[in-house]
Amino acid sequence: MSDVVEITGQKAASIPVIDIAPLRSKSRDERLAVARQIGEAAQDMGFFYIANHGVSPDLVASAFRLAKEFFSLPLEEKMRLVPPEAHPGRGYGPMHGQALEPGTPPDLKESFIFTLSLPEGDPRVAAGRFGRLPNLWPDSLPEMRVVMERYQAAMVEVRDLLLTGLALSLGLAEDYFAEYSVEGVEMQRLLHYPPQPPDHEPGEKGCGAHTDFGGITILKQDEVGGLQVLDDDTGNWIDAPPIPETFVVNLGDQIQRWTGGRYRSNVHRVISNAGRDRFSIPFFSNGNPDYLIDSLLTGQDGPARAHFEPLTVEQQLIQRITEVRLTNGAPTP
Ligand code: OGA
Ligand code: NI
């Protein structure tokens, strides 16, 4: 791609910044031009930045302010928001509560997570279906729910826009992913990474190396930095530094499975060695639990097809959550 440069024979990959405003254009050619860039990035690193996404900077600033206020609450209050182990995916995840990279110490981070709220009385809520239980909010910070739900709604809009671009990039109808994403178990996460102490355990990280489980992730990071993406070609870790006014987008395991491996769910991690607290807000678009993810691309019979066997969103997510739990013994909030 245009910003991959050859340095002494080695490929120095970088993560492109894609202006997604033309995805809203009436001109199909303009939309296609963005889709092409998305398709290239999806096949290359599986990561790209988006600019001109339309999300208000004030909303982003408010979300970070409230995330900081939340993590500053007394531990006792946060611990009351830890969900029962049988029903994770909501509420507070304490420090060291997740180990994303097998064979390394648990992650030096604490988290809060909430999903899309279904209307009260929805049978899926009553039945305790996967990802459908009510969110857990702190009583002492009522503003948090209001702002976070606005932020989440903004992410759903960006998600929808990106999914049209992704569909176009694959030669599909622009609304191809609408059925997949309707009432998805979208997870909005707030993360706090304290600075790593100098005498930290070997291998400890803010967030161990992992791929994201779902469809697409839309991440806002603060100005501290520390996110790194694996460049498979060289084995090097590439920094994904904060770029003002942008979000980092990466594709998750669902898209890799769906495209038979053509689009990449790339390995990434967070190193917390900047000497200061870092905050980030990832939005995970996971799709509707009942949706069947089947091969999108032709020519995938035989072994490749078996490797990417059709699974519902719910089956696929539970499979990935269980894998992490089994390899690490740590719950995955
Ligand atoms: C994640 C993740 C990166 C970050 O939560 O899956 O990769 O910068 N987060 O916090
Ligand atoms: Ni991730």
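Reader: How many salt bridges does the count give here, and what lets side chains pair in that way?

Author: Side chains of opposite charge can pair when their charged atoms come close. In this predicted model, with a side-chain nitrogen of Lys or Arg required within 4 Å of a carboxyl oxygen of Asp or Glu, the count comes to 19 salt bridges. One of them joins E69 to R65, whose closest N and O atoms are 3.4 Å apart. Both residues belong to helix α2, which covers residues 57-71, and their separation of 4 residues is about one turn of the helix.

Reader: Which pocket lining does α2 give the most to, and how should I read that pocket?

Author: Helix α2 is the main contributor to the lining of the second largest pocket, giving 4 residues. That pocket holds about 330 Å³ of space, and of its 21 lining residues V60, K220, P244, E245 and T246 are the closest to the centre. Two or more residues each come from α2, β9 and β12 (247-251). Sorted by class, the lining has 12 nonpolar, 5 polar and 4 charged residues.

Reader: Where is enclosed space left, and how many cavities of 30 Å³ or more does a search of the whole structure find?

Author: Rolling a probe the size of a water molecule over the atoms shows where empty space is left. Here the search finds 2 cavities of 30 Å³ or more. The largest has a volume of about 40 Å³ and is lined by 11 residues, with P94, G97, Q98, K109 and S111 lying nearest its centre; by class this lining has 2 nonpolar, 5 polar and 4 charged residues. The second largest cavity contains about 30 Å³, and its lining includes Y193, P194, V224 and R278, with a class count of 4 nonpolar, 4 polar and 2 charged residues.

Reader: Which residues coordinate the nickel ion (ligand 2), and through which atoms?

Author: The nickel ion (ligand 2) is coordinated by H210 through NE2, D212 through OD and H268 through NE2, at 2.1 Å. Along the chain these donors follow the spacing H-x1-D-x55-H. The pair D212 and H268 links distant parts of the chain, 56 residues apart, with D212 in the loop between β8 (207-210) and β9 (216-221) and H268 in strand β13 (residues 268-270).

Reader: Which residues form a nonpolar patch on the surface?

Author: The patch consists of L75, M79 and V82, which together have about 250 Å² of accessible area. Of these residues, L75 has its place in helix α3, residues 75-79.

Notes:
Residues are numbered from 1 along each chain as its sequence is written. Chains are lettered from A and ligands numbered from 1 in the order in which they are written. This is a predicted model: local features need pLDDT of at least 70, side-chain atom pairs count only at pLDDT 80 or more; totals for chains, interfaces and linings use all residues. Side-chain values use heavy atoms; hydrogens and water are left out. Patches are made of residues with over 30% relative accessible area and no salt bridge: like charges are joined within 9 Å, nonpolar side chains (Val, Leu, Ile, Met, Phe, Trp, Tyr) within 5 Å. Accessible areas come from the Shrake-Rupley method with a 1.4 Å probe; for residues, only the protein chains shown count as cover. On a 1 Å grid over the protein atoms alone, a cavity is a set of points where a 1.4 Å probe fits but cannot get out, and a pocket is an open set with protein on both sides within 12 Å along at least five of seven lines; lining residues have an atom within 4 Å of a point. Grid points are joined across faces, edges and corners, and a volume is the space filled by probe spheres set on the points. Ala, Val, Leu, Ile, Met, Phe, Trp, Tyr, Cys and Pro count as nonpolar, Asp, Glu, Lys and Arg as charged, and the others, Gly among them, as polar. Donors are N, O and S atoms within 2.8 Å of the metal (3.2 Å for Na, K and Ca); water is not among the atoms, so sites may look incomplete.
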